[in-house]
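Student: I am new to this structure and would like to take a close look at a single part of it. Could you take me through that part slowly, once we have the whole in view?

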Amino acid sequence: MPLLRILLIGLCLCCSALAHGASVVFLCPGNSAEPFWQSHVAFMNAAAQGLGMPLKVLYGDYDSSRTLEQARQIREEAAPPDYLVFTNEQYMGPEILRLFQGSPVKLFAINSSLTDDQQRMVGGPRERYSNWIGSLVANEEVAGYLLARALIDGQRSREPDQPLEMLAFSGIKQTPAAQRREEGLQRALEEYPKVRLRQLVYAQWSRDRAYQQALQLLRRYPQTHAVWVADDQMALGTMQAARELGRKPGHDLRFAVLNSSPEVLQATIDGYIDDLVGGHFTLGGWAMVLLHDYDAGQDFVLRGGKDLQANVYMQLDVEHARRLLARMSSKELGLDFRTYSALYNPGLRVYRFTMKPLLD
């Protein structure tokens with residue numbers, strides 16, 4: 001095929017994709033006041049704007065009945081969106097799939113996809129529900145493990161001969177992402193049998209709930225020197241309780257935290273958080289790239305499969321925290337999302353989504 005013809009075909013594909021502007025609705029399980037979902041939606045919006053895709057976000061406030069009602073309303077719209085992005089928070093994924101069976105709306109799962117048990121019952125993407133086209137998740141088990149290892153190694157370097165007592169704060173028990181993070185924690189604990197996990201509690205991703213739980217647990221286990229927290233808001237509540245009890249985060253109480261909200265980034269810079277792992281707030285934006293390509297005939301299944309796992313998690317030191325905070329505080333992220341698109345990069349063989357571009 002002559003080179004000119006190849007270039008013309010590529011140009012037509014690009015123009016078609018931009019003109020079409022595939023529309024997307026994201027059923028966000030949380031609420032708009034949460035820093036994590038704020039950063040998640042901000043990154044997703046940046047991708048949508050950069051790729052010319054109308055995006056609407058509906059918040060469920062961790063109420064599965066509310067989210068399912070939003071899904072029903074979308075299903076009944078006269079002009080529904082081209083794509084619906086959802087999570088499997090509180091195991092609601094199969095019901096969302098059932099609601100859209102036979103619908104022209106294409107479904108895509110992010111953050112938490114259906115569990116193995118659920119998929120054994122209802123099938124995976126492009127099987128029983130053919131309009132469920134795929135998923136994109138982060139390696140939550142690795143995140144939980146990295147967090148625990150950093151916490152344990154840091155404390156052992158300070159006091160190598162001292163036993164380590166730890167508390168752990170997880171999110172909503174019925175959330176696959178939370179479960180996988182706990183699995184990573186348990187893997188690290190198996191490697192260090194001298195570390196004693198005194199108690200793991202479910203703080204429901206809530207700052208207030210974590211605060212109340214921490215008041216009780218830090219009194220109950222006064223020898224605690226390390227706290228593993230699977231979410232930034234829970235970490236902030238736990239640190240508040242610690243201070244009220246006379247403990248000093250970053251000094252006599254070591255914190256390892258997952259997520260990278262501005263407040264937690266600043267706490268890391270200020271020395272209150274010893275170990276920070278973040279990056280999964282970018283998943284929604286990378287999902288927009290995948291949907292953009294799929295809509296233009298560049299199926300992501302050819303570049304990684306229908307169920308993709310992105311290595312977005314990174315351990316963030318103080319310098320990383322400074323750079324990320326500055327980038328997130330600016331009005332423009334400064335990313336060209338076309339750089340990551342197979343449509344604009346025909347030689348792309350595998351999608352490689354990371355958080356590193358935000359740290360440059």
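Student: Before we turn to one part, what percentage of the 360 residues of the protein count as buried? After that, please look closely at the open sheet with the order β7-β6-β8-β9-β10-β12 and at what surrounds that sheet.

Tutor: This is a predicted model, and in it 56% of the 360 residues count as buried. The protein has 12 helices and 12 strands; its radius of gyration of 21 Å is close to the 21 Å that the globule rule gives for 360 residues, so the protein is as compact as a globular protein of that length. Along its principal axes, the C-alpha trace spans about 70 × 40 × 35 Å.

Now to the sheet you asked about. Its 6 strands follow the order β7-β6-β8-β9-β10-β12, and their pairing is mixed. At the edges are β7, residues 195–202, and β12, residues 314–316, each of which pairs on one side only. From one strand to the next, the twist averages 20°. At the β7 end of this order, β6 (residues 164–170) pairs with β7 in the parallel sense over 7 bridges, and within that pairing Ser170 has Tyr202 of β7 as its bridge partner.

Two helices can be placed against these strands. Helix α6, made of residues 140–158, lies across β6, β7, β8, β9, β10 and β12, and runs at about 165° to β9. Helix α9, made of residues 232–244, lies across β6, β8 and β9, and runs at about 155° to β9.

Strand β9 also leads us to a single residue worth a pause, since Ser260 lies in the loop between β9 (254–258) and α10 (262–269). Ser260 counts as buried because its relative accessibility is 4%, where buried means under 20%. Leaving aside residues up to four places away in sequence, Ser260 touches Asp232, Leu265, Gly278, Gly279, Phe281, Leu316, Leu324 and Met328. Some of these belong to elements already named: Asp232 falls within α9 (232–244), Gly278 within β10 (275–278), and Leu316 within the edge strand β12 (314–316).

For context, the protein holds another open sheet, whose 6 strands have the order β2-β1-β3-β4-β5-β11 and whose pairing is parallel. The edge strands there are β2 (55–59) and β11 (307–310), each pairing on one side only.

Notes. Residues are numbered from 1 along each chain as its sequence is written. This is a predicted model: local features need pLDDT of at least 70, side-chain atom pairs count only at pLDDT 80 or more; totals for chains, interfaces and linings use all residues. Side-chain values use heavy atoms; hydrogens and water are left out. Two strands pair if DSSP finds at least two bridges between them. Helices (H or I, at least four residues) and strands (E, at least two) are DSSP runs, numbered from the N terminus. The radius of gyration is taken over C-alpha atoms; the globule rule is 2.2 Å times the number of residues to the power 0.38. Buried means under 20% relative accessible area, exposed over 50%, partly exposed in between (1.4 Å probe, protein chains only). Contact means heavy atoms within 4.5 Å. Axes are lines fitted to C-alpha atoms, for helices over the stretch in contact, and angles run from 0 to 180 degrees between N-to-C directions.
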